[in-house]
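Grab a pencil and work through these short exercises. Each task comes with a solution you can follow step by step.

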Amino acid sequence: MSRTTTALVAPELNGKFELREVYLDAIRDDEVLVEIQASGLCHTDLSCAVGILPCRPNAVLGHEGGGVVVQTGSAVTSVAPGDKVLLSFTHCETCPSCTSGHPAYCHTFNDRNFGGSRPDGTASMLTKEGGEPMYSTFFGQSSFARHTLVHRSSVVKVPADTDLALYAPLGCGMQTGAGAVLNSLNVKEGSTVAVFGVGSVGMAAVMAAAKIRKARIVIAVDLQEARLELAKTLGATHGVLGNAKDVVQQIRDICQSNGVDYAVDATGVPFVIRTMIEALGTLGRASTVGAPGPGNSVPVDIMDHLTYGKEYVGCCEGDSLPKEFVPYLIDAHKKGLFPLDQFIKYYNFKDFEQAIEDSKTGKAIKAVLKW
C-alpha cells in the first residue's frame, strides 16, 4: 500500500485542526500498521492541541482508536493482519510497574505517551516523503489518521464482530473513569460514591460504581442539569449542581454521615478537587482522573485529613491493564452494566470541527470520529 495517508493535524498549538496528507515511516519490528475505522475525541487531545498538556506543532493526536491490522512487525505475536483491534496507551513492557500488571504507571509513561516520537527519537509520521518529522506516536498510536503505526503495547485484539466505533473510547476515557472506581479506589458494594464532573469519564465512573460495584448511593456533581439527569438514567441516585454554595453539606445530608466513602474527580480543576476532599467522610478515599496540566496544586487541611483518615490518590488510565480491562468492559456493556452507547455521538472525520464544538459545549458527551 501507499505510505501516504490522511490525518487530522494540529499545525499550531491554537486548538485548530486540519485534514492533511502525511507520510508514514517504515514499520519497525515492534509496531503494527493499523487502518483506523474510528477514534474517540478526548479532552486530552484538545488540551494537547492548545499546549496545556505536552505537545508540539504539526501534531497528529488521537489515542482512542479502533481499526483493522494491515501489517505487523517481526517482533509482534499478539495480532495478525485482518484482526480487529482497539488501541490504548503505550508502555515499555519491562519496568517493575509494567511487569507487575500496572502499565499505566510505566516508569517512562510521560515520555512514551506525550513525547511525540518513538523511544529512540524518530518520528512515525513525516509531512511528506523525505519531509519534516511530525509530532506522532501519541500514546503509541496517533489514531487521528486513516492509517497509523502503533506500538505493540497499545494494541488490544478483539473479536471479529466487535463494533469498533462504539468501543473505541474504552482505550482511554472509559477505562479511566471505570478503573478509578474498580481499581484505584476499589469501591465496595453498598458504599457511597460521589463523582465530580460527569462528562464521558465521569459517566464511566458513575456506571462502574452504580451498576458494576452496586454502590448504595452514587452522587453526580456537575454544572449542567442535563448531564445530571443523564447520570441518573445511568445509575446515579442523586444529582448536585456543582456551583451551589453548599455542595459539601448536600453530599453529607444525602449520605446521612460526615461525608462520602469514595469520590472521583473528572475535572482536574483545583477548586473542585479541594471540595471533593472536603466532602470525604471518615476513612474516605478520593481520586483525581482529570488532567489539569503541570504546576497545579491543591491545599489540604492536614489536621482534617489526619484525624479522619482521608486518602487522596492519583489515577492514571484507571490503573488498568488494557488487554484485560478493555475486554472486561466490553463484556460489562453486553450485560447491560456499562451502557456507554447512551451518550456516544458519531461524526465523520471531515466533520471534526462540529465534533470539537459539540464536545466543548456539552452537546456531545462523547464524540467519536469515523472514517
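**Exercise 1.** Work out how much space the second largest pocket holds and what lines it.

*Solution.* Start with volume: the second largest pocket has about 230 Å³ of space. Next, the lining: 13 residues, with Ile-277, Glu-278, Asp-301, Asp-304 and Lys-310 closest to the centre. (A pocket is an open set of points on a 1 Å grid where a 1.4 Å probe fits, with protein on both sides within 12 Å along at least five of seven lines; lining residues have an atom within 4 Å of a point.) Then sort the lining: six charged, five nonpolar and two polar residues. Finally, the helices: α9 (270–279) and α10 (302–307) each bring at least two residues, and α9 gives the most, with three.

Before moving on: this is a predicted model, where local features need pLDDT of at least 70, side-chain atom pairs count only at pLDDT 80 or more, and totals for chains, interfaces and linings use all residues. Numbering runs from 1 along each chain as its sequence is written, and side-chain values use heavy atoms, leaving out hydrogens and water.

**Exercise 2.** Place Pro-169 and decide whether it is buried or exposed.

*Solution.* First, find Pro-169 in the loop between α4 (164–167) and α5 (173–184). Its relative accessible area is 1%, so Pro-169 is buried (under 20%; exposed is over 50%, with a 1.4 Å probe and protein chains only). Now check the neighbours: leaving out residues up to four places away in sequence, Pro-169 touches Glu-64, Met-174, Ile-344, Lys-366 and Val-368 (heavy atoms within 4.5 Å). Last, its C-alpha sits 9.0 Å from that of Ala-367, 198 residues away along the chain.

Methods: Helices (H or I, at least four residues) and strands (E, at least two) are DSSP runs, numbered from the N terminus. Grid points are joined across faces, edges and corners, and a volume is the space filled by probe spheres set on the points. Ala, Val, Leu, Ile, Met, Phe, Trp, Tyr, Cys and Pro count as nonpolar, Asp, Glu, Lys and Arg as charged, and the others, Gly among them, as polar.
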